[in-house]
Amino acid sequence: MLSRISRHFLDSHCRYGNPKITKRLHAEGWTVSERLVWLLMQENHMRACVSKKFKVTTTDSNHNRLHRTC
């Protein structure tokens, strides 16, 4: 089972945590709990990397700063 967990973890580019990996294992026919997957991942130093959502930043063109002229 550890080989399947690490395969799913690496296939997801280290993004999937124990809930998603547990769902994948259930789809393959394994009977396993999220806690067991979490324990196995923790013992083998597998930790999911959560990426931040993309946020658009724009320039505030209505600011109150005075323009300096030299």
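**A walk from histidine 8 into the core**

Let us start at one side chain: apart from its neighbours within four places in sequence, histidine 8 is in contact with Tyr16, Ile21, Arg24, Leu25 and Glu28. Keep in mind as you look around that this is a predicted model. Histidine 8 sits in helix 1. Is this residue buried or exposed? Its relative accessibility is 9%, and the cut-off for buried is under 20%, so histidine 8 counts as buried.

From here we can step back to the two helices. Helix 1 brings Arg4, Ile5, His8 and Phe9 to meet Ile21, Arg24, Leu25 and Glu28 of helix 2. Sorted by class, this contact between helix 1 and helix 2 has four nonpolar, three charged and one polar residue.

How are two such helices described? Packed helices are described by the angle between their axes and the distance between the axes. For helix 1 and helix 2, the angle is about 120 degrees and the axes are 10 Å apart. The two helices are therefore oblique to each other, and their crossing is right-handed.

Now follow the nonpolar residues inward. The largest nonpolar core has nine residues: Ile5, Phe9, Ile21, Leu25, Val32, Val37, Leu40, Met41 and Met46. At least two of them come from each of helix 1 (2-11), helix 2 (18-28) and helix 3 (34-43). Which helix gives the most to this core? That is helix 3, with three residues.

Valine 37 is a good place to end the tour. Leaving out neighbours within four places in sequence, valine 37 is in contact with Ile5, Asn18, Ile21, Thr22, Leu25 and Val32.

Technical notes. Residues are numbered from 1 along each chain as its sequence is written. This is a predicted model: local features need pLDDT of at least 70, side-chain atom pairs count only at pLDDT 80 or more; totals for chains, interfaces and linings use all residues. Side-chain values use heavy atoms; hydrogens and water are left out. A nonpolar core is a set of buried Ala, Val, Leu, Ile, Met, Phe, Trp, Tyr and Cys residues joined through side-chain atoms within 4.5 Å. Buried means under 20% relative accessible area, exposed over 50%, partly exposed in between (1.4 Å probe, protein chains only). Helices (H or I, at least four residues) and strands (E, at least two) are DSSP runs, numbered from the N terminus. Contact means heavy atoms within 4.5 Å. Axes are lines fitted to C-alpha atoms, for helices over the stretch in contact, and angles run from 0 to 180 degrees between N-to-C directions. Angles under 35 degrees count as roughly parallel, over 145 as roughly antiparallel, 65 to 115 as roughly perpendicular and the rest as oblique. A crossing is left-handed if the near helix is turned anticlockwise from the far one by less than a right angle, and right-handed if clockwise. Ala, Val, Leu, Ile, Met, Phe, Trp, Tyr, Cys and Pro count as nonpolar, Asp, Glu, Lys and Arg as charged, and the others, Gly among them, as polar.
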